[in-house]
Amino acid sequence: MASNVNPTVRRRRLGMELRKLREDKGMTAEQVAERLLVSQSKISRLENGRRSISQRDVRDLCDVYEVEDRRLVDSLMQMAKDSRQQGWWHAFGDIPYSVYIGLETDAASLRVYEPQIIPGLLQTPEYAAAIVRGALPETAQADIEKRVQVRMRRQDRISEEENATERGPLRLWAVIDEAALRRRVGDGAVMVRQLEHLMEQSELPHVTVQVMPFSMGAHPGVNGQYAILEFPDASDSTVVYIEGVTSDLYLEKANDVQKYSVMYEHLRAQALNVEQTREFIAGIIGDHTAKRP
């Protein structure tokens, strides 16, 4: 059974604490790896939160760093234990972007730019199924259904009531390229319902949708999709997520985050404003309706 503990976030926080201990000790990852007779890549993966951390790993690292505060060691050991628990998404089996789901589940805000499709958090089940079927043509129907179920479960973050949980709903800001609105995914009815749903969701106080029209020409998002996740705990660094075909990229260095954040501000400034966006989407709904077979 999945617990309320978010293992992805626990791993990140623990990794940051371990990296801080190493840096305070004045040691490199290579030096630590040599002491523990492990690869340097293992130390790096432990510190960036991309790998499960065992209590034994924590104990060994604390020994290397000569940590004398027993309470700190116990706290790190508990974080390691929590990091090995399962999040809700593990109930669906092997999900290729489970690290991202863990981050999204705990995020306070998400800024996303989508050039090709409607963002996953704003998709209808029918549109989501058509997207998975088209993007992964060799995927079995059972796996398509599983992916859609996960996507719908992720949407709980924007449907949460303000006072239902401590964190409240996810603050979502989406800039969507006109191409995503015009590309016919599924049949005409699927597209019309999807765009109507997009309009409905954009009315939520914590959801903002803007369209980047073709008429804008070249803009800061032409290099592709990306998302910026921010977290309620100040100790959790902002993450830039870039989805890939075989692997994903997570950027956390301050300089990288700053560049993408500035780029997103330019996107928001150049896109249609909220009211213009709703009028624009309404017009495209009419276009899709006219093209129905």
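User: Hi! How far apart are the axes of helix H11 and helix H13, and at what angle do they pack?

Analyst: Hello! In this predicted model, helix H11 (residues 188–201) packs against helix H13 (residues 274–290) with their axes 9 Å apart, at an angle of about 165°.

User: Roughly parallel or antiparallel, then?

Analyst: H11 is roughly antiparallel to H13, because angles over 145 degrees count that way.

User: And is the crossing left-handed or right-handed?

Analyst: H11 and H13 cross in a left-handed sense.

User: Cool. Which residues make the contact?

Analyst: From H11 you have Met 191, Val 192, Leu 195, Glu 196, Leu 198 and Met 199. H13 answers with Arg 278, Ile 281, Ala 282, Ile 284, Ile 285, His 288 and Thr 289.

User: How do the residues of that contact divide by class?

Analyst: Nine are nonpolar, two are polar and two are charged.

User: Switching topic: what volume does the largest pocket have?

Analyst: About 950 Å³.

User: Which residues lie nearest its centre?

Analyst: Those are Ile 117, Arg 151, Tyr 241, Glu 243 and Gly 244, out of 34 lining residues.

User: Which elements give two or more residues to the lining?

Analyst: Three helices and two strands do: H6 (98–106), H7 (125–135) and H8 (141–154), plus S1 (109–114) and S5 (239–242).

User: Which one gives the most?

Analyst: That would be H7, with five residues in the lining of the largest pocket.

User: Last one: how many of the lining residues are nonpolar, polar and charged?

Analyst: The lining of the largest pocket has 19 nonpolar residues, along with eight polar and seven charged ones.

Note on methods: Residues are numbered from 1 along each chain as its sequence is written. This is a predicted model: local features need pLDDT of at least 70, side-chain atom pairs count only at pLDDT 80 or more; totals for chains, interfaces and linings use all residues. Side-chain values use heavy atoms; hydrogens and water are left out. On a 1 Å grid over the protein atoms alone, a cavity is a set of points where a 1.4 Å probe fits but cannot get out, and a pocket is an open set with protein on both sides within 12 Å along at least five of seven lines; lining residues have an atom within 4 Å of a point. Grid points are joined across faces, edges and corners, and a volume is the space filled by probe spheres set on the points. Helices (H or I, at least four residues) and strands (E, at least two) are DSSP runs, numbered from the N terminus. Ala, Val, Leu, Ile, Met, Phe, Trp, Tyr, Cys and Pro count as nonpolar, Asp, Glu, Lys and Arg as charged, and the others, Gly among them, as polar. Axes are lines fitted to C-alpha atoms, for helices over the stretch in contact, and angles run from 0 to 180 degrees between N-to-C directions. Angles under 35 degrees count as roughly parallel, over 145 as roughly antiparallel, 65 to 115 as roughly perpendicular and the rest as oblique. A crossing is left-handed if the near helix is turned anticlockwise from the far one by less than a right angle, and right-handed if clockwise. Contact means heavy atoms within 4.5 Å.
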